[in-house]
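Visitor: Got a minute to walk me through this one? I'd like to start with the charged pairs.

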Amino acid sequence: MLAAEEIRRLQEQARLLRIDILSMIAAAGSGHPGGSLSLVEIFTALYFKIMTLDPRRPGAEDRDRLVLSKGHAAPVLYAALASRGFFPRDTLSTLRRLGSPLQGHPARHCLPGVEVSTGSLGQGLSVANGMALAARLDDAPWRVYVVLGDGECQEGQVWEAAMTSSHYRLDNLTAFLDYNGLQIDGPTDQVKNLEPLADKWCSFGWNVLSIDGHSFSEILAAVEEAHCRRGQPTMIIAETVKGKGVPFMENRVEWHGVAPNREQLKEALAGLGKKEAEEN
Amino acid sequence: MSLKATREAYGEALLALGRSNNRIVALDADLSQSTYSAGFAKAFPDRFFNVGVAEADLIGTAAGLAAAGKIPFASTFAVFATGRVYDQIRNSVAYSRFNVKIVGSHSGVTVGEDGASHQALEDISLMRSLPGMTIIVPADAPEAYRATLAAADWEGPVYLRLGRPKTAPVLPSDAPFQIGRGLLLKSGRDICLLSTGSMTAVALEAAAILAEQDIYATVIHLPTIKPLDKEMIIEGAAKTGAVITLEEHSIIGGLGSAVAELLGEYRPTLLKRLGVPDCFGQSGTAEALLKHYGLTPSRVATVAGEMVKNRGA
């Protein structure tokens, strides 16, 4: 069991990531808050508890790898990388500007810590498989994590890759599915139903765990279980709330890809308990 | 003379690479017998990954292997290795700057009887527009062997375009292969034939026909479409004043277009692009198809003769 103190530390880190996500998207004037906020606890757990990383050696061979397949959630990745010290936090305010290393979607050659350029949906799991195969060839201990969107699972390549992961028994690969239930055109069950989603992954040969994607104890327990699983990749279907942490954004499809204006940002940050001293 | 397909030579080179470098890995999408990656698969089963009939996944998996320091060669038919997975190559490979070697066998119309669905005529065009992509189209089996070794040494994404039919060697046995360099095979003052891949054999035969008519052709083989050997092309154009490009590919977007872009900007020259016109291919024997699309020595010689004549003195 996690100590209550550890949970509180992660919760505080998650709060800071949310503040960074909202601030950078507001400064950019565009971006994807909804699907970034739904991933905050998962990214906090990965970057501040689970993954072996050294910000001073972003290319270290023994690092764990994360592939953000749903590349439009770049802000949560950038916020986590900055907080972990991969680059100065003040770079966050350059998001989406000309010449910024923080491209609208993650660009590998621009920013340390970005493992692959994503943004065109459906491709990340294949790349993660390739990394996991390489780790196994080298008998290396590092692990691969991949984060998929729910709408993204409508892409055919996801299922090509899902077969590859299980065929090659990639137990060094752990996937998260950000199941917030909303995509650009509406609820996933109306646009094109994904259910029964857990059964689909099961039938593709995966070890499937369903959790509350905002519960640190559930995220960490699921990852631990994934690490213990032999001969099978693990899919953690994380039920999440799109826009989590900002009441007026929660479960609202219109916040998929729109930046908050100044007033909305102020309200959102106030709700997150941002103190004046934390501003700028 | 022994006949061998460029894809066979690729398989041999891949095997040699596998022996000398354990970073080399190979992937295929259920066509390993046809692409000749099967030899590598048998020798190095741990380093070979068949992803089944799933080309998008083929490219992505190769990208991931490259991300972790491997040198992946991912092979399938050219038509599936490029157009079908253009976006995977664009984002997961080229934009990510991964060291992936994409190998497309069965390119062009010489696939033959399988017809248009299997005849890659747009693959060079697609790959050429991707930043950072290197495109290699060997003329014969020995060059395909050398090109495969060179691709492994080259840092960055490569598209290696191979053919189905067994062909005779056309280049001198000691011809050097260097990415970005053309090969001057014949020097003549009247017309410059620029060819790539299987069409270099046709260009050389056409030059022989022309010589009988006292028309002397320069023949330049361009095994690398990108980067292009600009100096050699401009020199050939300047010396002769008339250029014909020859490729087993659509005349849109391939070697002909690359040469037209270059000469239009730096050395405007009388130019004729020979290849498959703006249409899909069709079934037929390789020989019948080449004849149908005018990719024969006699047809090239006729076009060249007319160009020289019409250019006047």
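Guide: Sure, one term to begin with: buried means under 20% relative accessible area, exposed over 50%, and partly exposed in between (1.4 Å probe, protein chains only). This is a predicted model, where local features need pLDDT of at least 70, side-chain atom pairs count only at pLDDT 80 or more, and totals for chains, interfaces and linings use all residues. Residues are numbered from 1 along each chain as written, chains are lettered from A and ligands numbered from 1 in written order, and side-chain values use heavy atoms, without hydrogens and water.

Visitor: How many salt bridges over all chains?

Guide: The count is 18, taking a side-chain nitrogen of Lys or Arg within 4 Å of a carboxyl oxygen of Asp or Glu.

Visitor: What does E115(A) pair with?

Guide: R63(A), with the closest N and O atoms 2.7 Å apart. The two sit in distant parts of the chain, 52 residues apart.

Visitor: Are E115(A) and R63(A) buried or exposed?

Guide: Both are buried.

Visitor: And which residue does R18(A) bridge to?

Guide: E41(A), at 2.8 Å between the closest N and O atoms. R18(A) is in helix α1 and E41(A) in helix α3 of chain A, so the pair ties together parts 23 residues apart in sequence; helices here are DSSP runs (H or I, at least four residues). R18(A) and E41(A) are both buried.

Visitor: Switching topic, which residues make up the ring cluster?

Guide: W159(A), W201(A), F204(A) and W206(A); rings of Phe, Tyr and Trp (its six-membered ring) pair if their centres lie within 6.5 Å, with planes under 30 degrees apart stacked, over 60 edge-to-face and the rest tilted.
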